[in-house]
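Here is the note you asked for on this model, set out as numbered points. Please keep the sequence and the structure open beside it as you read.

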Amino acid sequence: MTSVEEDRPRALLAGASRWWVRLLPWAVAFVLCVALLPTTIVVLTADYGLSGGPASALAVAQAAPLLLAVVRPLRAWYVIFAADVAGALALLTVDFEARLLWPFPPMEIVGYVGLCLALGLRERRRTLLLVWLATAAANVGLGFAAPHGFGAKGLLLTILGGVALLLGGVLRERYEVQRRLAEQETISEAERGRRTLLEERARIARELHDVVAHHMSVITVQADTAEYRLAALPPDVREEFTSIAATARESLGEMRRLLGVLRNEEAHGELVPQPGLTQIAQLVEATARTVGPVEFTPCDAEVPEAVGLSAYRIVQEALANVVRHAPGAATRVSLSVSEPGAEGGDRLTVLVVNGPPPEPPAAPLEVGGTGHGLVGMRERVRIIGGTLDVGPLPDGGFRIAARLPLTEEDFT
């Protein structure tokens with residue numbers, strides 16, 4: 001069933017986004033068929049003197065396949081080309097005036113040009129070249145049997161057909177180029193988003209390493225010094241502390257080796273202690289000096305270092321967006337901890353809200369940004385099991401709200 005659907009021919013311009021463009025080939029083919037069918041019969045009988053039976057048969061063979069050309073133009077060309085050559089030979093059996101066009105009357109040229117345009121929109125260059133060569137060969141070959149001489153006007157079918165083939169081919173290749181560019185842009189955008197996400201994950205891993213490494217170091221020191229700090233430890237307890245210290249040192253070494261893979265030559269500056277809630281006030285103060293008033297509601301609660309680091313980075317990115325997109329806008333940064341009995345457990349709420357800028361910035365303050373700043377926020381919140389809500393406000397401002405769990409049982 002699938003192979004049958006894949007082999008099913010598609011109409012010309014079937015991939016167009018607008019409905020009237022998709023219907024255009026059918027409308028043109030129908031108009032040509034309806035107009036050329038009776039015209040061909042009348043011209044062949046009245047002007048050229050051909051009898052009604054052969055004239056009607058030729059008219060049907062030359063006009064009706066134009067409807068087929070919408071879906072299978074090459075098959076329609078076989079029929080129409082053969083009918084046009086047969087019509088030229090049939091006209092040699094009658095005596096017509098020298099002023100009349102031969103070997104192909106005007107109505108045949110009109111239908112053939114429309115057919116060539118359909119061929120150009122569907123077929124490859126090699127096929128178009130072969131069609132034009134066949135047309136030229138038939139046109140020149142019939143010219144040797146011309147009853148009234150053969151001049152430049154006898155080559156109209158070859159000239160106009162070639163122009164239509166060229167025009168259709170150019171339009172088709174232009175469409176293919178635009179389609180491939182659109183596909184490449186879509187792929188590139190997806191790759192940029194994926195690369196940004198991977199880079200942010202690596203950065204989060206590097207930062208969390210510094211947090212976890214600190215705790216592991218404390219465990220190692222406490223286990224190593226336990227026999228000196230605690231008097232009269234039983235031998236089995238002393239051995240247990242020694243095993244804990246050895247395991248902690250081994251884990252710390254594994255983490256450092258893993259960090260060596262994640263760090264790059266540009267990441268050495270990240271070896272400094274990671275910031276937390278206490279550094280957010282300094283961040284807000286620096287931003288206020290740069291772009292305008294920032295209202296800050298601090299929180300002095302004790303939170304896990306990973307949560308404090310994530311809160312700092314979220315506020316940092318949110319304020320950076322204010323600087324880039326809404327300089328001078330009134331901004332509010334709020335940190336709060338939910339009550340222990342609140343639904344969902346203890347959580348730190350980070351809220352950054354800015355209003356619309358006093359006036360649109362004349363030029364972007366940052367050129368060449370990735371446009372994926374929110375990716376890092378979402379990834380940080382997801383890693384520690386929190387929630388993030390971002391979006392524009394009705395007055396033209398923007399709101400970022402993150403809820404981060406404070407208990408390790410909630411981390412996912």
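1. In this predicted model, D389 has a relative accessibility of 42% and therefore counts as partly exposed, since that class covers values from 20% to 50%. R399, with a relative accessible area of 30%, is partly exposed too. The side chains of D389 and R399 meet in a salt bridge, in which N and O lie 2.9 Å apart. This pair links distant parts of the chain, because D389 belongs to strand 4 (residues 387–392) and R399 to strand 5 (residues 398–405), with their positions ten residues apart in the numbering.

2. Salt bridges that share partners also occur, and they join R125, R172 and E173 into one network. As background for a reader new to the subject, side chains of opposite charge can pair when their charged atoms come close. By the distance rule applied here, the count of salt bridges comes to eight.

3. A further salt bridge is found between the side chains of E189 and R192, with a distance of 2.5 Å from N to O. Both residues lie in helix 8, which runs over residues 156–229, and they are three residues apart, or about one turn of the helix. E189 counts as partly exposed at 37% relative accessibility, and R192 is likewise partly exposed, with a relative accessible area of 35%.

4. R99 forms a salt bridge with E97, and the closest N and O atoms of this pair are 2.4 Å apart. Here the two partners fall into separate classes of exposure: R99 is exposed, with a relative accessible area of 59%, whereas E97 is partly exposed, with a relative accessible area of 44%. The cut-off that matters for this reading is 50%, over which a residue counts as exposed.

5. Turning to how helices pack, helix 3 (residues 52–63) and helix 5 (residues 73–91) meet at an angle of about 150°, and their axes are 8 Å apart. Because angles over 145 degrees count as roughly antiparallel, helix 3 and helix 5 are described as roughly antiparallel to each other. The crossing in which helix 3 passes helix 5 is left-handed.

6. Which residues make up the contact between helix 3 and helix 5? From helix 3 come L58, A61 and Q62, and these meet V79, I80, A83, D84, A86, G87 and A90 in helix 5. Sorted by character, the residues of this contact divide into seven nonpolar, two polar and one charged.

7. Is T40 buried or exposed? T40, which has its place in helix 2 (residues 19–47), is buried, with a relative accessible area of 3%, and this class applies because the value is under 20%. If neighbours within four places in sequence are left aside, T40 is in contact with A59, Q62 and M107. Of these partners, Q62 is also one of the helix 3 residues that meet helix 5.

8. For the protein chain as a whole, the secondary structure comes to twelve helices and five strands. The chain has 412 residues, of which 37% count as buried. Among the contacts in the chain with a separation of 6 or more, 72% are accounted for by residues 24 or more positions apart.

Note on methods:
Residues are numbered from 1 along each chain as its sequence is written. This is a predicted model: local features need pLDDT of at least 70, side-chain atom pairs count only at pLDDT 80 or more; totals for chains, interfaces and linings use all residues. Side-chain values use heavy atoms; hydrogens and water are left out. Axes are lines fitted to C-alpha atoms, for helices over the stretch in contact, and angles run from 0 to 180 degrees between N-to-C directions. Helices (H or I, at least four residues) and strands (E, at least two) are DSSP runs, numbered from the N terminus. Angles under 35 degrees count as roughly parallel, over 145 as roughly antiparallel, 65 to 115 as roughly perpendicular and the rest as oblique. A crossing is left-handed if the near helix is turned anticlockwise from the far one by less than a right angle, and right-handed if clockwise. Contact means heavy atoms within 4.5 Å. Ala, Val, Leu, Ile, Met, Phe, Trp, Tyr, Cys and Pro count as nonpolar, Asp, Glu, Lys and Arg as charged, and the others, Gly among them, as polar. A salt bridge is a side-chain nitrogen of Lys or Arg within 4 Å of a carboxyl oxygen of Asp or Glu. Buried means under 20% relative accessible area, exposed over 50%, partly exposed in between (1.4 Å probe, protein chains only).
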